[in-house]
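Here are a few notes to go with your first look at this one. Keep the viewer open while you read.

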Amino acid sequence: MTTLTGESGQANRLSAFMESARELRVPWTPAIVIVVLVFLAIFAPVLAPNDPRETDLLNARTPPFQTLSSPLGTDFVGRDVLSRLIYGARTSAFISMFALAAGVVVGTVLGLTSGYAGRWVDTIIMRIADATMGFPSILLAMIIVAILGQGLMPIIVAVAVSTWPRIARMIRGEVLSVKDQDFVTLAKIAGVSPAVIVWRHVFPNVLNTLMVITSLSVAGVILTEASLSFLGLGLPPGDPAWGIMVAEGRVSLLKTWWISLFPGVIITVVVMAFNFFGDWLRDSLDPKLRRV
Amino acid sequence: MTRYILRKVAEAIVTLLGLSLVVFSAVHMTGDPARLLLPVRIDASEEVYEQLKEELGLNRPFMVQYYTFMRDLLTKGDFGRSVRSQKEARHLLVERIPATLQLAAAGLFLSFIIGVPAGILSAVKRDSIADKIGKAVAIFGLAAPQFWVAIMVVILFGAYLQWLPVYGAGGIRNLILPAIVLALGPLAAMMRLGRSSMLDILDSEFVKFARVKGMRESIVIWKHAARNAVIPLMTFGGLTLAGLLNGSIVVEQVFAWPGLGRMMIEGVTQRDMPLVQATVLVSGFFYVFTALVVDILYGFADPRIRDAN
């Protein structure tokens, strides 16, 4: 008897979960793509059949779907394309995560400051944000790479710089609508310091917007990183990154089309997944942002 | 209106000055031009080095150097010399700018001429096959990395089918493929924006009124609704331009197009800072100038914008 109720209780919970999932209309395909990407990034060393950097000149330029050891073929120095793609997921996820985190932190802090402080602080921060946002992101990234040199750190900074202004703008807008509400005024009267008001009372109210704008920024971050890698402004050549792989395929395009094709398809699919996912999150968390 | 224009012009000037200061200090930080200019093979003594530094004015305070640079730039159009080729940067710019402008203009033209009607059509024939195809194109265009599309186009149309040239500049035939690739992103965005703005307009009172009046459907759509739906696309022009400049760097690289973008990449990878400085300033100028024109046009079109603030 007890087991029965236990089971039905579980079944209820399961059906309740399915019900709420249906109501939320989670976009399953994009969600699965994102989960697979994260999985590949974390377990790349286990999942990749070969070393992504190991060259094998005897088996160079093996076309895809010919051998089991390199199902997606090998590149012009015999590196395994599939393994490089899997490690590429790791590179892309790593750079995107740090760049996004930096962009979100800077954007949030400046957006909160700008919105809450107002006046000249607001003017200065928003002018800089507008100038940065309007400016072509690759151009901006090139200036940064020119200053800092090539490598992991510069590319993260470069991508972060192109990410923060949009976040700061959105957060500032939200702060403006929150800061005149009664609970903020009461906190001020109670003598709470501005920093505490912003952190304890304003910030939690802009969290939804922050989540939406962050998820909508992921696709751009991935694309910018890939473009910079492609142009040879990111990681050193030979490193497994999708943008670099596309560039490597250019050596002999007609004969080894697969080297460029696969990483590009993957970037497109991943960016689409994040676009759909971001749209869904926006519609379900914050429908008034529809026009963003 | 005059006040609005003056304010916009002032903002543009401040932005450009800020950009020049940022770029100049960036170049200043990246290394000592005197060391770079001294050929490695000659065993350059410290004296020669000091002398060169004196000649180039590198001993003077930073702000004085910046002032001198800006003065030469504004009065003589002097951007300095390339560290590698020793050529004057302005001569290189004059060679490269027309190619980039040609490509950007073709890209902008294509994205407008295809994107706007396609977006409007999507809205009018909502949920039809055409709308669905349009949506798919837009989703792909916004997600596919431009550099990859460029390479696939090179493989397919250039190498495999051999329809059109894919290397370097030349006649119209050379322009077609790079321009299409460059236009893809803005085109997708314009289709989406055009569709949503047309849907809003079709839902508005004046369109309903025109229909109730018994006006012919084609006149309602193309004469009344479409005209209004195009207005928001105008501001989008500025954004599109940023996208085109971004894209042209990548597209020029793939199609070996001899424009500013390639010059910029060459500058960065060879650490030829005067070249980077010159190209970034010129691209920045084009960008700010077009944004200014768009802002002013928009001020004419919509009084609410110019009276704000």
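How many salt bridges does the rule find across the interface of chain B and chain A?

1. Zero: the rule finds no salt bridges across the interface of chain B and chain A. Bear in mind that this is a predicted model.

2. The two chains do touch, though. Chain B puts 42 residues into the contact, and chain A puts in 38 residues. Together they bury about 3300 Å², with 78% of it on carbon and sulfur atoms.

3. Now look inside chain B, at helix α7 (residues 146–160) and helix α8 (residues 172–202). Their axes are 10 Å apart and the packing angle is about 150 degrees. Angles over 145 count as roughly antiparallel, so that is what α7(B) and α8(B) are to each other. Their crossing is right-handed. On the α7(B) side the contact includes Val149(B), Val153(B) and Phe157(B), and on the α8(B) side Leu177(B) and Val181(B) are among the partners. By class, this contact has eight nonpolar residues, one polar and no charged ones.

4. Next, compare helix α6 (residues 129–143) of chain B, which also packs on α8(B). Here the axes come within 8 Å and cross at roughly 135 degrees, which makes α6(B) oblique to α8(B). This crossing is left-handed. Among the contact residues are Asp131(B) and Lys135(B) of α6(B), plus Arg192(B) and Arg195(B) of α8(B). The full set divides into eight nonpolar, three polar and four charged residues.

5. One residue to click on is Leu184(B) of α8(B): it takes part in the contact with α7(B) and also in the contact with α6(B).

Terms used:
Residues numbered from 1 in each chain as written. Chains lettered and ligands numbered in written order. Predicted model: local features only at pLDDT ≥ 70, side-chain atom pairs only at ≥ 80, totals over all residues. Heavy atoms only, no water. Axes fitted to C-alpha atoms, helices over the stretch in contact; angles between N-to-C directions. Helix = DSSP H or I, 4+ residues; strand = E, 2+ residues; numbered from the N terminus. Parallel < 35°, antiparallel > 145°, perpendicular 65-115°, else oblique. Left-handed = near helix turned anticlockwise from the far one by under 90°. Contact = heavy atoms within 4.5 Å. Nonpolar A, V, L, I, M, F, W, Y, C, P; charged D, E, K, R; others polar. Buried area = accessible area lost by both parts, 1.4 Å probe. Salt bridge = Lys/Arg side-chain N within 4 Å of Asp/Glu carboxyl O.
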